[in-house]
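Thanks for coming. I'd like to walk through the interfaces here, one at a time. Please have a look first.

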Amino acid sequence: MKATAINNNYPHVSHRDASLGYRRREHALMLLLMSPAVLVVFVLLLIPLGWLIGQSFYADGFSLEHYQRIFTEGIYWNTFWVTFRISFIVTLLALLMGYPIAYAASILPRRWSMLVLALVILPFWTSVLVRAYAWLILLQRSGVVNESLLGVGLIDAPLALVHNELGTIIATVHILLPFMVLPLYATMQKIPSDLIQAGASLGGTPLHVFMRVFFPLSLSGVLAGMTLVFVLCLGFYITPELVGGGRTVMASMLVSRNIQLYSDWGAASAVSVVLLICVLAIFYVVSRLVPLEKILGAK
Amino acid sequence: MNKLSLSRISFIGYVALVLIFLILPLLIVVPMSFSDSRFLSFPPSSFSFRWYETFFNNPGWMSAAKTSLIVAFSTALIATPIGVAAAYAINNSSHWLMRYLKIVLLLPLIVPIIIVATGVFFIYALSGMLYTIPGLIMADVMLALPYVITAVTAGLHGFDQTQEMVARSLGMNRFRAFMSVTLPQIMPSVMTGAIFAFIQALDETMVALFISGGQNQPLTVRMFTALRDEIDPTIAAISTLLTAASFALVLLLVLARRQPTA
Amino acid sequence: MMKDTNCLKYLFGSSVMVIGALGAGQTLADGEITFVSQGGAYQEAQTVAILDPVAEALGITIIQESAPDAWPMIRTQGTTGQAVWDVVDTPPLNCVRGGNQGLIEELDFSQIPNAESMPEEYKTPYSVAYEFYSSVLAYNPEAFDGNPPQSWKDFWNVEEYPGNRSLRNHPLGTLEAALMADGVAREDLYPLDVDRAFAKLEEIKPHITTWWTSGGQSAQLLYDGEVDMLMMWNGRVSAIINEGADADFTYNDGVLQNTHLCIIEGAPNQDTAVEFINAAIAPEYQANLPLHIDYGPGNPAAFDTGKIPDERARELPSFPENAERQVLMSYEWWASSAGEQAERRWLEFMQR
């Protein structure tokens with residue numbers, strides 16, 4: 001097809017040369033079309049990243065002191081520990097809550113599954129601020145949750161559900177749940193239902209079929225979802241800032257503080273680089289098992 | 001199939017609970033916005049449009065809303081053509097460089113947003129683009145590109161490239177062939193990408209926190225400051241409006257896609 | 001196919017029109033400044049008392065912003081050289097150290113005649129006093145059955161005064177409270193024994209329900225009954241009392257503080273900013289402030305205007321009887337390197 005078109009337009013050129021020239025022009029055109037997008041990302045992301053990395057090694061000349069500080073000074077170490085711990089808990093909770101939802105969506109008839117998915121995606125379209133605000137209202141001492149628990153008699157005094165790490169975890173799980181459900185659903189959808197039926201017809205109990213057939217097949221979705229949620233949670237700033245009561249200090253807040261309060265670019269960049277390396281490492285490891293597009297396709 | 005076993009009931013119950021967990025916060029904000037009291041309380045004691053009035057009468061909020069709209073529209077207008085061009089190039093090129101460029105274009109999604117924000121802040125501080133609207137727009141364009149490209153690439157995958165080839169072999173130049181053959185058929189995905197870009201820019205908070213200020217603050221930044229400092233119920237009104245706007249857009253998208261193409 | 005292309009053109013066209021219409025709405029203001037304070041009831045009171053009258057008198061537009069702690073933005077705007085704020089109403093601590101770091105403009109007092117009559121302690125090379133307020137022990141009287149906490153020692157006494165507590169998520173004033181709770185006399189507070197203060201804070205930390213960051217938040221906490229006692233700014237307590245909340249406070253063991261007006265280095269509207277400062281500290285406008293909120297005027301000449309009734313004057317933080325039960329915050333100490341270090345230590349303390 002291509003050759004015919006070329007020969008029609010450029011009959012005077014030999015077949016081989018035309019092909020080469022065409023390919024070269026084609027490549028040039030394609031690269032040109034890519035260039036505005038690449039330029040934007042290059043200038044606004046790659047260059048600053050490079051500078052940040054450089055800055056992390058700089059303190060009157062090459063120095064590792066910023067990194068040393070991260071591993072020796074309590075506050076940095078603690079912050080990373082808190083960040084990873086919260087991310088881990090959030091990921092687990094998201095998995096526990098998201099898996100049944102995705103499962104339900106994948107086995108329900110179309111109308112119902114669309115409804116479930118719509119309910120999952122709807123919060124997605126609201127700003128994270130709105131959701132953090134809503135959780136503040138819900139979880140405060142005189143908030144809906146406490147009032148109803150008190151009313152039912154389950155507790156005697158209001159629980160401290162917000163302005164602390166617990167509130168941060170609850171709000172974060174809520175915000176990141178769609179990122180767990182969507183990759184899971186995408187994977188589950190592809191599991192052929194005849195496999196399940198085959199398992200059942202071979203005499204397996206539903207639980208057995210689930211554990212031995214369905215779950216292993218859904219693992220790539222599980223991995224994709226967990227990766228996405230974990231990585232997103234690592235970089236969270238707004239939710240812990242609003243709902244954490246000032247006590248839940250995560251890595252992103254450390255970066256922001258160092259820049260805005262102390263203009264300590266060295267410290268900020270070192271924290272950023274460590275965070276980035278963790279994220280890249282996670283993505284690299286997971287991408288060996290699950291293709292990258294699958295994970296990010298959900299976004 | 002319709003066994004009402006305990007496990008089945010508890011499964012359905014569990015799913016229902018999680019779905020409630022997902023939707024509840026959104027539902028809460030709406031009645032809050034109609035409450036009359038100055039301090040947060042739910043259920044609201046009396047009904048009033050007070051907070052909506054406050055929002056529309058306050059020059060600070062209105063200026064922020066204007067900024068948000070300008071930025072969101074501009075982001076969609078700029079990111080869509082750039083993204084479509086990039087998606088087209090990715091789809092049609094076999095160049096070895098493409099693989100790496102694809103990853104570069106996905107970077108805004110991979111890199112933690114705090115680092116993105118820090119980086120953009122640094123570049124803008126150097127170049128004097130801090131607290132400007134064009135600066136905000138370009139940052140949002142960068143963040144929107146992966147969405148546009150992903151949406152358009154999906155659309156291109158479902159499109160039969162040979163149609164464009166045929167048009168070209170019939171004498172059209174490439175650009176015209178694209179505009180009159182390919183583009184109309186991938187229009188749904190292009191619109192999806194454009195709307196994603198719009199909503200993304202409307203809701204973006206983190207980067208804007210770092211690089212916007214003064215009179216060029218978008219709604220989200222103002223809301224963040226207000227939430228952190230004031231817990232002003234006006235925010236409930238704004239949240240309701242923002243959410244309604246996003247829903248309306250998505251609904252528009254769904255309806256548009258349902259329309260039979262001419 | 002045709003329909004979709006037309007659709008696209010229509011969308012494009014209308015978006016351009018929308019943007020054009022929105023953009024065209026910009027009018028070039030004739031004389032304007034961006035004024036930053038701490039928001040909430042305080043800023044609303046200022047608007048009525050000082051900002052609106054000044055705007056009218058000078059014929060300028062005042063764009064308002066708020067930030068509970070202006071220091072990060074002052075730093076950012078000053079160091080990057082891209083200022084969007086003009087005048088900042090903030091504790092003199094920020095004005096002085098900002099000035100020392102080249103982030104705040106030096107004031108040309110020849111252009112600020114209203115400041116001449118003000119005492120020297122109320123001025124710094126970079127700023128001039130604007131208003132007085134106190135950080136006080138506020139509480140919900142309903143929670144205490146006639147025996148409310150009246151000092152920081154009481155606040156730290158969790159057995160005799162049980163209840164939910166809150167403190168500000170900032171060392172300014174909080175360290176002083178901790179030291180007073182530990183028995184340090186008001187006269188002996190400065191220079192602050194930082195180690196002792198943090199040790200005392202560790203004691204109360206498990207009992208703190210929330211660490212508030214903004215005036216509005218502190219008011220919300222007391223109004224909602226989220227906490228039974230806390231350290232907060234006196235004007236905010238009075239504001240919620242007026243809204244019908246169960247709240248009260250004592251000037252006992254309070255920390256008397258003030259805020260100053262200063263101009264960010266490289267501010268976009270410097271001349272108008274200086275004009276504004278001069279007008280804002282004029283006695284007749286300053287006298288308006290106590291009429292709308294429980295804060296004292298920065299310019300003592302305001303008391304001579306006769307606008308402030310005697311009973312009102314008694315309620316103000318800077319009124320002599322009230323002032324002697326409080327400690328006057330030392331901004332020199334906070335601006336010194338010991339103060340800087342104490343601030344840095346705060347985040348570590350919060351995290352543990």
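How many residue pairs in polar contact does the rule find across the interface of chain A and chain C, with both residues at pLDDT 80 or more? Zero. Keep in mind that this is a predicted model. The salt-bridge count between chain A and chain C is zero as well.

The two chains do touch, though. 17 residues of chain A contact 20 residues of chain C. About 1,800 Å² is buried between chain A and chain C, and carbon and sulfur atoms give 48% of that. On the chain A side, Arg141(A), Arg247(A) and Tyr262(A) lose the most area to chain C. Together they account for 32% of what that side buries. Two helices of chain A, α4 (74-107) and α12 (251-260), each supply at least two residues of the side that touches chain C. By class, that side has five nonpolar, nine polar and three charged residues.

Next, chain B against chain A. Here 81 residues of chain B are in contact with 75 residues of chain A. The buried area is about 7,300 Å², with 85% from carbon and sulfur atoms. Phe21(B), Leu22(B) and Ile110(B) supply 9% of the area that chain B buries against chain A, more than any other three residues.

What about polar links? Between chain B and chain A there is one salt bridge. Arg174(B) pairs with Glu26(A), and their closest N and O atoms are 2.8 Å apart. Four residue pairs are in polar contact, both residues at pLDDT 80 or more. Helix α1 (residues 6-33) of chain B gives the most to the side of chain B that touches chain A, at 14 residues. The classes on that side run to 63 nonpolar, 12 polar and six charged.

Last, inside chain A. The chain divides into domain 1 (1-56) and domain 2 (74-296). Taken over C-alpha atoms, the centres of these two domains of chain A are 39 Å apart. Six residues of domain 1 contact six residues of domain 2. About 500 Å² is buried between the two domains, 83% of it from carbon and sulfur atoms.

Which three residues supply the most of domain 1's share? Leu52(A), Gln55(A) and Ser56(A), with 64%. The rule finds zero salt bridges between the domains of chain A. One residue pair is in polar contact, both at pLDDT 80 or more. The domain 1 side that touches domain 2 has four nonpolar, two polar and no charged residues.

Terms used
Residues are numbered from 1 along each chain as its sequence is written. Chains are lettered from A and ligands numbered from 1 in the order in which they are written. This is a predicted model: local features need pLDDT of at least 70, side-chain atom pairs count only at pLDDT 80 or more; totals for chains, interfaces and linings use all residues. Side-chain values use heavy atoms; hydrogens and water are left out. Contact means heavy atoms within 4.5 Å. Buried area is the accessible area (1.4 Å probe) that two parts lose on being put together, summed over both. A salt bridge is a side-chain nitrogen of Lys or Arg within 4 Å of a carboxyl oxygen of Asp or Glu. A polar contact is a pair of N or O atoms within 3.5 Å; within protein, one must be able to donate a hydrogen and the other to accept it, and residues adjacent in sequence count only if both atoms are side-chain atoms. Helices (H or I, at least four residues) and strands (E, at least two) are DSSP runs, numbered from the N terminus. Ala, Val, Leu, Ile, Met, Phe, Trp, Tyr, Cys and Pro count as nonpolar, Asp, Glu, Lys and Arg as charged, and the others, Gly among them, as polar. Domain bounds come from an automatic or database domain assignment.
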